[in-house]
Amino acid sequence: MSLPRCALRWAQFPARVGAALRPGLELGPRVLGRAAAGAWYSSSSSSGGSKAPNTSLYVPLPVKPLGPSAAGDVGAELTRPLNKAEVRKVLDRFYKRKEIQKLGTDYGLDARLFHQAFISFRNFILQSQSLDVDIHITLNDICFSAAHVDDLFPFFIRHAKQMFPMLACKDDLRKISDLRLPPNWYPEARSIRRKIVFHAGPTNSGKTYHAIQSYLAAKSGVYCGPLKLLAHEIFAKSNDAGVCCDLVTGEERVITDPDGKPAAHVACTVEMCSVTSPYEVAVIDEIQMIKDPARGWAWTRALLGLCAEEIHLCGEAAAIDIVTELMYTTGEEVEVRTYERLTPITVLNHALESLDNLRPGDCIVCFSKNDIYSVSRQIEIRGLESAVIYGSLPPGTKLAQAKKFNDPDDPCKILVATDAIGMGLNLSIKRIIFNSLIKPSINEKGEKEMEPISTSQALQIAGRAGRFSSKFKEGEVTTMYPEDLKLLKEILSKPVEPIEAAGLHPTADQIEMFAYHLPDTTLANLIDIFVDFSQVDGQYFVCNLDDFKFSADLIQHIPLSLRVRYVFCTAPINKKLPFVCSSLLQFARQYSRNEPLTFSWLRRYTRWPLQPPKNIKDLVELEAIHDVLDLYLWLSYRFADMFPDANLVRDLQKELDDIIQKGVHSITRLIRMSESQRMLNLDSSPAGKQDQLLRAVKPSLREATGAKATDAIVAESLASKSLASKLVRQGRITPHMLKQLRKEWLKQQAEERAGAEYDDPSGRTRRKKKDPNAP
C-alpha cells in the first residue's frame, strides 16, 4: 500500500481510535479492545453517568446509493473495478467481527442499530454505481489482503451517523435537554425576594377567600386559576369590588379600560400568566395540580417564575412538602396557614339504592356521559326534573345549568354531573351520591387505566356538599349501590399521599435547538428523543406529551416552520372528537397556504346556521363545533393576521352556546329520541333474550302482575327490538342492570357448556350424547 493511500485511510479514523491504533501496525483484536475501552471511558465520563438512551426511538434516515460520478469512477481507474461477490464476502466478515460490534456499541450502536446500519451500509456499497475514492481503495486492498477488514469501520460509522444523526451530537443533545435546576430559567423572579404563603385546607375551608382578599387589597396582582370559569369568577368579583381587572385566557382577552390601557390586576388561566410582568401579589389556585401528568408544568412555571412580592398558594396540604422543597432551591421560605372546613360533612351509613329515594339538593356524580344520560332519563321517568353538567359543555351552558339548579324558585332540584363540578362552580348541594367509584384515567405513560378514584378526587367532589355559601349548612355523601359504600369510606378515610414531584415541559426554544441538530426528524419523534435524553432533578418529572405528539403527527405533512408547528401542536384539542382534529388539520393547511381564515369561511366550514339538536348525536356535534370555535379563538391570539375575525367568531360562539343550552335544557327529550333509534346488543338467540329479560324484570313487577303474566308480556315483546329500551324507559331495569345480566348470562352459558363435556379415560374431552328420550 502506498504512503498517500495509507495516510488517507488513517485520516478517516476518529482521533481517540487512531491514537489507540498508531502504536501497532495492524488493527488486531487486542488493539481494538483497548480502543473500545478508551472510547467507553471517554463517552461515559463526558455524559456524567447519564442513563442509556432508548434507541428504539431512533428513526433511521434513508441514505441513497451513489449514482455515476461526473468525474468518472476514479477509484476504479486507480485500482480496478470491484468484484461485487468479493465485496459481499468482505462485508459479511466485517459484520461478524465481535470487536467491530463492541466498538460500534461504544459509538452508541446497540445490536439493533448496528444491524440496521450494516444492512444500509451493505446496500449502499453494493448498489452505488461509483464509490468515493477512499472507500473504493480500502475495499480493493482488503480483497487483495493488503489491508484488514477492520479498516472499514471509519466508513461504516460515518454511514451510521448519516442514518442516525443523533449519534454525532449526543453530548449537545444532552445539554439542550438538561432540565435540571429549572429555577434558573426565571432570572427576573430570582432577582427579587418573594414571600410565599401557602393556604392549605380542604374544599369549603375559606383558603381561597383569604388569598383573594390579599389580591384585592394589593396595588397590582395576578390570579392564576385552573379553569376559565374560575378566571371569569375572579374577574367579575374584582370589578364588582371596584378593583379594575382584566381577563386573560387562552381564547379570550378582556381589557376593562375603554382606552385599552392594561389594568393593574389580571385574572387568568395558569398557562397564560406572565413570568416577566411585576406584581405586588399573585394567587396560584389549586396548587396540588402541580402533579398533574399533563398540565402540572403550568403550576411549576407559575410557582418558580412569577415576579411578585407575595405569592399566595391555595390547595391541599399534600402539596406543602413539594412546595417547601422547591422553594428551598430558590432560597425562599414558605409560610403555611392551615384551614378547617367551615361546615360539617357526613358519610352516610346507607346507600341510595334507588332513584325513588332522591331528595331536593341531591347531586348524582357519574364518570361517563352515558351514565349521565341514563340517570337523567330515569329521573325524568319518576316525574322529577334534573340539571346536567359535564366537562365538554361550554362554560355558558354549565353556568346556566348551575343557576337553574341553585334557583329556589325553579322546579329543578336534582343535579346529575361528572367530576367537572369539583372546581369552578358554586352549587347548592345537600348530598353527593356517587353513581360509581371507578373512573378512567391516563397515567404518566399515557396509558388508560380504570381504577377507583383517589382520596384527593373523592374529597374534592364530596366537598361540594353543604358549602358555606349555600342554603345547606351540612353536607352528606353516599353511593348509589350498597357494595360501593364500604369502598367509599375506605377511600375517604385514607390520608392524601404527599405530592413527590412537579411537572416540567420542554419550551419552544429547547425544541428549536434540538431540531437544529436533527433537522430531518419529525416533531413527534423529536419530542420522544428530547424526553429520552432529558435529565431532571428528583423533585420533577417531564409531563405527558401524548396530545402534543398526536397533533404533531396529524399535521406533519403540512409545510410549516418549526415555531409555527410547535404552536399548532400546543393548541388544546379533544383528540376523541374527529371534527375537532380535522379542523386543526384544515386550519394548519390554510395557514401554510397563507390564506386567512375569515369569518365567512368559518361559517361555511361549520355549515352555519345550525339547528337545535334533535338527539344526543346532534348535541355532541354542536359541542364539537363549539370546541372548533374555541380553537379558532385560541389561534387568533397567536396568529392575528391569519385568524382576523376573533370578535365575530366570539359572537357566533355565544349564539351556539344558546343553542346548546336549549338542547341541554331538554336533554331527556334528546335521550328519548336517541333511544328510539338505538338497538341494544343483547344475546342473539331468542331464548337467550327471553331468559335474560325475564331475569331483568324487577321482582316488584312480577309480584304486581303475576309471574305468568309477566312472562307472557316479555315473550310477546321479544320480536320488538326496542323491548329493552321500553323496560329502561319504564324504570323496570337500568342499563347498569342490563350489563350485569349479560355477564351473568354469558357465565351461565359457559357453565352449561362445561357441564356438557367430560373427560374419557384416554384424557380426551368428549361431549355428552343427548338422550333421545329426553324432553
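Hi everyone. Let's begin with the aromatic rings: this protein has 21 aromatic pairs. One of them joins Phe94 and Phe156, whose ring centres sit 5.5 Å apart with the planes at 65°, so we call this pair edge-to-face. A quick word of caution before going on: what you have in front of you is a predicted model.

Back to our two rings. Phe94 belongs to helix H5, residues 84–96, while Phe156 belongs to helix H9, residues 153–163, so the pair ties together parts that lie 62 residues apart in sequence. Are these two residues buried or exposed? Both Phe94 and Phe156 are buried. They also have company, because one aromatic cluster takes in Phe94, Tyr95, Tyr107, Phe114, Phe118, Phe121, Phe153 and Phe156.

Now let me zoom out for a moment. The protein has 775 residues, and 50% of them are buried. Its secondary structure comes to 33 helices and 20 strands. Here is a number to keep in mind: of the contacts between residues at least 6 apart in sequence, 75% join residues at least 24 apart.

On to the sheets. As general background, strands of a sheet pair through backbone hydrogen bonds, and the pairing is either parallel or antiparallel.

I'll take the eight-stranded sheet to start with. This open sheet has mixed pairing, and its strands come in the order E4-E3-E5-E2-E6-E7-E1-E8. Which strands stand at the edges? They are E4, residues 253–254, and E8, residues 334–338; each has a single partner strand, so one side of each has no neighbour in the sheet. Helix H12, residues 207–217, packs on this sheet and touches E1, E2, E3, E5, E6 and E7. The direction of H12 makes about 165° with that of E7.

Strand E7, residues 307–315, also pairs with E1, residues 195–200, in the parallel sense over six bridges. If you want a spot to look at in that pairing, find Ala200, which stands opposite Gly315 in E7.

Next, please look at strand E3. On one side there are Cys245 and Leu247, on the other Asp246 and Val248, and all of these are buried, so to speak from both directions: both faces of E3 are covered. E3 has two partners to show you. With E5, the pairing is parallel over four bridges, and Cys245 has His265 of E5 as its bridge partner. With E4, the strands run antiparallel and are joined by two bridges; there, the bridge partner of Leu247 is Val254. The link between E3 and E4 is a hairpin through four residues.

Let's move to another sheet. Six strands form this open one, in the order E9-E16-E13-E10-E12-E11, and here the pairing is parallel. E9 and E11, the latter covering residues 386–389, are the edge strands; each has a single partner, so one side of each is left without a neighbour in the sheet. From one strand to the next, the twist averages 20°.

Inside this sheet, E10 and E12, residues 414–417, pair in the parallel sense over four bridges. Cys363 has Leu415 in E12 as its bridge partner. Helix H17, residues 395–406, packs on the sheet and touches E10, E11 and E12, with a direction at about 150° to that of E11. Helix H18, residues 455–462, packs on the sheet as well, touching E9, E10, E13 and E16, and its direction makes about 140° with that of E13.

One residue in this region deserves a stop: His350, in the loop between E9 and E10. His350 is partly exposed, with a relative accessible area of 48%. Leaving aside neighbours within four places in sequence, which residues does His350 contact? They are Thr478 and Leu485. The C-alpha atoms of His350 and Thr478 are 7.1 Å from each other, although the two residues are 128 apart along the chain.

My last stop is a pair of helices. The axes of H26, residues 616–636, and H28, residues 667–676, come within 8 Å and cross at roughly 120°. H26 and H28 are therefore oblique to each other. From H26, the contact uses Ile616, Lys617 and Leu619; from H28, it uses Ile667, Leu670, Ile671 and Ser674. By class, that contact has five nonpolar residues, one polar and one charged.

That's the tour. Thanks for listening!

Definitions and conventions
Residues numbered from 1 in each chain as written. Predicted model: local features only at pLDDT ≥ 70, side-chain atom pairs only at ≥ 80, totals over all residues. Heavy atoms only, no water. Axes fitted to C-alpha atoms, helices over the stretch in contact; angles between N-to-C directions. Parallel < 35°, antiparallel > 145°, perpendicular 65-115°, else oblique. Contact = heavy atoms within 4.5 Å. Nonpolar A, V, L, I, M, F, W, Y, C, P; charged D, E, K, R; others polar. Pairing = 2+ DSSP bridges. Phe/Tyr/Trp six-rings, centres within 6.5 Å; stacked < 30°, edge-to-face > 60°. Buried < 20%, exposed > 50% of the residue type's maximum accessible area, 1.4 Å probe, protein only.
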